Amino acid sequence: MMATKNISRSAFFILTGKPSHEACIKSPFVNIPSQRSLFNPAMQPMIADGEDRDELTKVLPTLLECGWQLDENDSGVRKIYHLKTYTKVLDLHHSIGVGSKSKNHHPEMTTKSGSLAVHWTTHHPRGLSAKDIFMAKYCDEVARTIGTVDELDAQRCGPSSSQTK
Ligand SMILES: C[C@H](O)[C@H](O)[C@H]1CNC2=NC(N)=NC(=O)C2=N1
């Protein structure tokens, strides 16, 4: 594995192709690594029946600029947040959970010691919906309040990490 601990963020980006956590600060470099997070007119998101296709297609690029990616089926969006402590990971998980309960729209979330992966899609009717977009933006708001970090600065499993954080 590449030794990345003591290199600068820009070097990390160049070496790994992974953007900084400040993905919402629009940068021409942020979306280069993944074609799925780079909006292009050929992209065919699978919009759920009954949704306003024009409106959703219009707002999707903004989400992609904020680090969200179209999922492998083009029918949802996903993003990984990196956090400094496991407590912050749990806080973000809980806040998203509370928001999703009140909207009756539920994400798939994968919790790790220093990150939370969130996936939004709509099951019935199947595809991307306005609720997914709304909840993705809600996640970004909560994450901004809690405070995310670059992947390099996130809590990591290993001998030097504290279990009490
Ligand atoms: C009946 C209830 O409204 C539906 O089952 C809701 C619940 N939560 C949901 N969550 C998500 N992500 N997609 C849905 O289609 C969905 N449907």
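User: So two strands pair if DSSP finds at least two bridges between them. With that settled, which residue in β2 is the bridge partner of L70?
Analyst: V77 is the β2 partner of L70. Keep in mind that this is a predicted model. β1 and β2 run antiparallel and are joined by two bridges.

User: OK, zoom out for me. How many helices and strands does the protein chain have?
Analyst: Four helices and four strands. Reading from the N terminus, the order is α-α-β-β-α-β-β-α.

User: And how do the strands line up in the sheet?
Analyst: They make an open, four-stranded sheet in the order β1-β2-β4-β3, with antiparallel pairing. β1 (69-70) and β3 (108-111) are the edge strands, each pairing on one side only.

User: What holds strands of a sheet together, in general?
Analyst: Backbone hydrogen bonds, with the strands either parallel or antiparallel.

User: How many bridges are there between β2 and β4?
Analyst: Seven, in the antiparallel sense, between residues 76-82 of β2 and 115-121 of β4. If you want to trace the register, I80 sits opposite A117 in β4, and R78 has H119 as its bridge partner in that strand.

User: What does A117 partner with over in β3?
Analyst: T110 has A117 as its bridge partner in β4. β3 and β4 are antiparallel too, paired over four bridges, and they form a hairpin with three residues between them.

User: Where does K112 fall?
Analyst: In the loop between β3 and β4.

User: Is K112 buried or exposed, or in between?
Analyst: In between. K112 has 16 other C-beta atoms within 10 Å, so it counts as partly exposed; buried would take 20 or more, and exposed 12 or fewer. As for who else is around, its C-alpha is 9.3 Å from that of L90, though the two are 22 residues apart in sequence.

User: Back to the β1 and β2 hairpin. How many residues are between the strands?
Analyst: Five, and D74 in that hairpin takes a positive phi near 60°.

User: Why flag that phi?
Analyst: Because most residues other than glycine have a negative phi. D74 is not a glycine, yet its phi is positive, about 60°. It lies in the loop between β1 and β2 and counts as partly exposed because it has 15 C-beta neighbours inside 10 Å.

User: Which residue in the loop between α3 and β3 also deserves a look?
Analyst: N104 lies in that loop. Its phi is positive as well, near 50°, and N104 is not a glycine either. N104 counts as exposed because it has 7 C-beta neighbours inside 10 Å.

User: Switching topic, what surrounds the ligand?
Analyst: N104 again, along with H105, H106, T121, T122, H123 and H124. That shell divides into seven polar residues, with no nonpolar and no charged ones.

User: What is the peptide bond like from H124 to P125?
Analyst: That one is cis, with omega near -10°. P125 is in the loop between β4 and α4.

User: And where does α4 go from there?
Analyst: Helix α4 (residues 130-146) lies across β2 and β4, and runs at about 160° to β4.

User: What about the largest nonpolar core, which residues touch the most other members?
Analyst: Of its 24 residues, those are L63, V77, L83, L92, L116, A136 and C139. The elements giving two or more residues to this core are α2 (53-65), β2, α3 (86-103), β4 and α4. α4 gives the most, with five residues.

User: Which residues is L63 in contact with?
Analyst: W68, V77, I133 and A136, leaving aside its neighbours within four places in sequence.

User: How many of the β2 residues are buried?
Analyst: Six of its seven, so the strand is mostly covered, going by the cut-off of 20 or more other C-beta atoms within 10 Å.

User: And what share of the protein chain is buried?
Analyst: 27% of the 165 residues.

User: Last one. What share of the contacts comes from residues 24 or more positions apart?
Analyst: 68% of the contacts in the protein chain with a separation of 6 or more.

Note on methods:
Residues numbered from 1 in each chain as written. Predicted model: local features only at pLDDT ≥ 70, side-chain atom pairs only at ≥ 80, totals over all residues. Near = placed C-beta within 6 Å. Nonpolar A, V, L, I, M, F, W, Y, C, P; charged D, E, K, R; others polar. Contact = placed C-beta atoms within 7 Å. Axes fitted to C-alpha atoms, helices over the stretch in contact; angles between N-to-C directions. Core = buried A, V, L, I, M, F, W, Y, C linked by C-beta atoms within 7 Å.
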